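User: I would like to learn how to read a structure like this one, feature by feature. Could you walk me through it?

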Amino acid sequence: MNSGIFKKSWRECRTVTITCALAFLGFQIVLARVFASMGDQFIEQLMNMGFARTVMQALLGTQISSASPEIFRAFGWVHPVILALAWVHAITCCTRLPVGEVEAGTADFLLTLPLSRRVVFVSTSVSFITSAAVVMGCGLIGVWLGHQSLPDSGPFNYGANLMITLNYLAVYLAVSGLSAFNACVCSRRGQAIGITLSLVLSSFFWTFVSQFWGPAKATPWLSLLHYYQPMEILRNHQIPGSDLAVLSLFALVGWVGAWLVFRSKDINTN
Amino acid sequence: MDAIVCEQLTKFYGTRVGIENVSFSVGEGQICGFLGPNGAGKSTTLRLLAGLMKPTTGTSRVLGMNAWNQRESIMSDVGYLPGEVRVWNWMTANDALSFLNRVHACELASSWRRMTDLFELNPDVRVRNMSKGMRQKLGLIMALVHNPRVLIFDEPTSGLDPVMQERLLSELRTRASNGSAILFSSHSLKEVEHLCDRVVMVRRGALIEDTSIKSLSEQAVRQVRIQFPREPVTSFENALWAQKGLEWKGTIQGDSKHVAAWALSQDASDLVIESPDLEHLFQSRYRDEP
């Protein structure tokens, strides 16, 4: 681990990190207020509408019997905007090394410093993951602030929300592992971003259609988002151990694969 | 001791040859010019020595260590300047110093100040606002600041004005006299002629010349112009002459003392012997001429 590389990487992700963190925080507060302003009756009516119910089930990845406060608390964690923020951050940051540096022509300086590629890779990756933790942390604060701003909101469930944050971070790590791997095997950053984004959107789409399309119904486990279940956590208050394990394994495979390619990759900026 | 060694160094880009079986070495305290036309394999060789690429076959060694497998051990003693200097555009020279202090885990401020003064670089300008010349200066400073024992520079004077070029060349001479090994590619033959002890030339990925400037000078032709007061009694055979009245113009190869001695023996009233025409020699090598 090298503090110079860590600081440099942090500096380069600063703008996207602050933007995503503030957007995440703001969106959670706004969403809480929107749901509060809707009123219980409106929500009940929404649940009775077939299409709206299917969309909610598809986003939450679970069956809903009736309207409950958990649904709307969980919805704040699975809203497409919230998912998009994490993906944008993961893909933007984690495709920087090496393909982003090669494309910018800065890889020559970076990789002729008196540091091993392992140190460069680890320092950069730790910096990205730290910045992700900031985004997640702001999201959690947003949920808390949103909750506090509601009248009669009851006690805030710290445990369940921390578990959801952890689950969300695991999704982030899986996407970032995929991004890091693509950044190592692709020769253009745009290509790495495109491939990662396609896979992540396909994953989202698969979870969505698995609520009402036979082939997808039988294989929901193919999607990364199958292992992200905020609704279940809010219902059961249990750590989603197996989901975390699958996501962590996926992330690990991505990062280790990225490292194996990166350590022997020719750096050619010409 | 040889600080830089290439042994049968070969690099293929897919099926395209980058360089093939290139072998040469640069000793400590030596300045070696690396020449060749565009696409000859100069940058490939330098990048292999800087540990940025893995050779297909052969070995590149710097300070006795493998430039690919042991690069992290040698890079603290190596200063590398790429052909096109591109530094993170949010950085200022001051940011770069703070970054390098952390990377090298030592205080480089005094050396940095000396280098920024030498190259007259404003330390507060961001890279994105720098001209090509300023970026080149920053790249040079970043490559020189830790006083490396080996310098691998790809066209270091590119983008520098003549004053800065001279300062850089003088700095390189000083470093070489202090024992640094310097390998640099250049398209400026004058620069190579004035700075280097040795020249390595590549063409189409293969090494075609590895020789000293002195021996290269001996191969090069010189223009000779002699004005005689009257017709000379004997002729000088080892030259091709074009006579215009009593003015003889010709070319000789190698040592000029024999022609000077002959001209004096014939009471020449004026004698001009030009410096060896290395440019012509280089051009012929570039164009694959004998």
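Analyst: Happy to. Let's start with a single pair: Ala242(B) has Lys249(B) as its bridge partner in strand 13 of chain B. Keep in mind that this is a predicted model.

User: How many bridges join strand 12 of chain B to strand 13, and in which direction do the two run?

Analyst: There are five bridges between strand 12 and strand 13 (residues 247-253) of chain B, and the two strands run antiparallel.

User: Which strands make up the whole sheet, and in what order?

Analyst: Read the order across the sheet, rather than along the chain. Here four strands of chain B form an open sheet, ordered 12-13-11-14, with antiparallel pairing. Strand 12 (240-244) and strand 14 (270-273) of chain B are the edges; each has a single partner strand, so one side of each lacks a neighbour in the sheet. From one strand to the next, the twist averages 15°.

User: What packs on this sheet?

Analyst: Helix 9 (residues 257-265) of chain B does, and the strands it touches are strand 11 (221-227), strand 13 and strand 14 of chain B. The direction of helix 9 makes about 170° with that of strand 14.

User: Let's turn to helix pairs. At what angle do helix 1 and helix 5 of chain A pack?

Analyst: Look at the angle and the axis separation together. Helix 1 (residues 3-38) and helix 5 (residues 80-94) of chain A pack at about 170°, and their axes are 10 Å apart. Angles over 145 degrees count as roughly antiparallel, so helix 1 of chain A is roughly antiparallel to helix 5 of chain A. Among the contact residues are Cys13(A), Val16(A) and Phe27(A) from helix 1, with Leu85(A), Val88(A) and His89(A) from helix 5. By class, this contact has 11 nonpolar, three polar and no charged residues.

User: How many residues of chain B are in contact with chain A?

Analyst: A useful way in is to count residues on each side, then ask which elements supply them. On chain B, 21 residues are in contact with 23 residues of chain A. Helix 3 (residues 93-104) of chain B gives the largest share of the chain B side, four residues. That side has 12 nonpolar, four polar and five charged residues.

User: And chain B as a whole: how many helices and strands are there?

Analyst: Chain B has 10 helices and 14 strands. Its C-alpha trace spans about 75 × 45 × 35 Å along the principal axes. Of its 290 residues, 40% are buried.

Note on methods: Residues numbered from 1 in each chain as written. Chains lettered and ligands numbered in written order. Predicted model: local features only at pLDDT ≥ 70, side-chain atom pairs only at ≥ 80, totals over all residues. Axes fitted to C-alpha atoms, helices over the stretch in contact; angles between N-to-C directions. Parallel < 35°, antiparallel > 145°, perpendicular 65-115°, else oblique. Contact = placed C-beta atoms within 7 Å. Nonpolar A, V, L, I, M, F, W, Y, C, P; charged D, E, K, R; others polar. Pairing = 2+ DSSP bridges. Buried ≥ 20, exposed ≤ 12 C-beta atoms within 10 Å, placed from the backbone.
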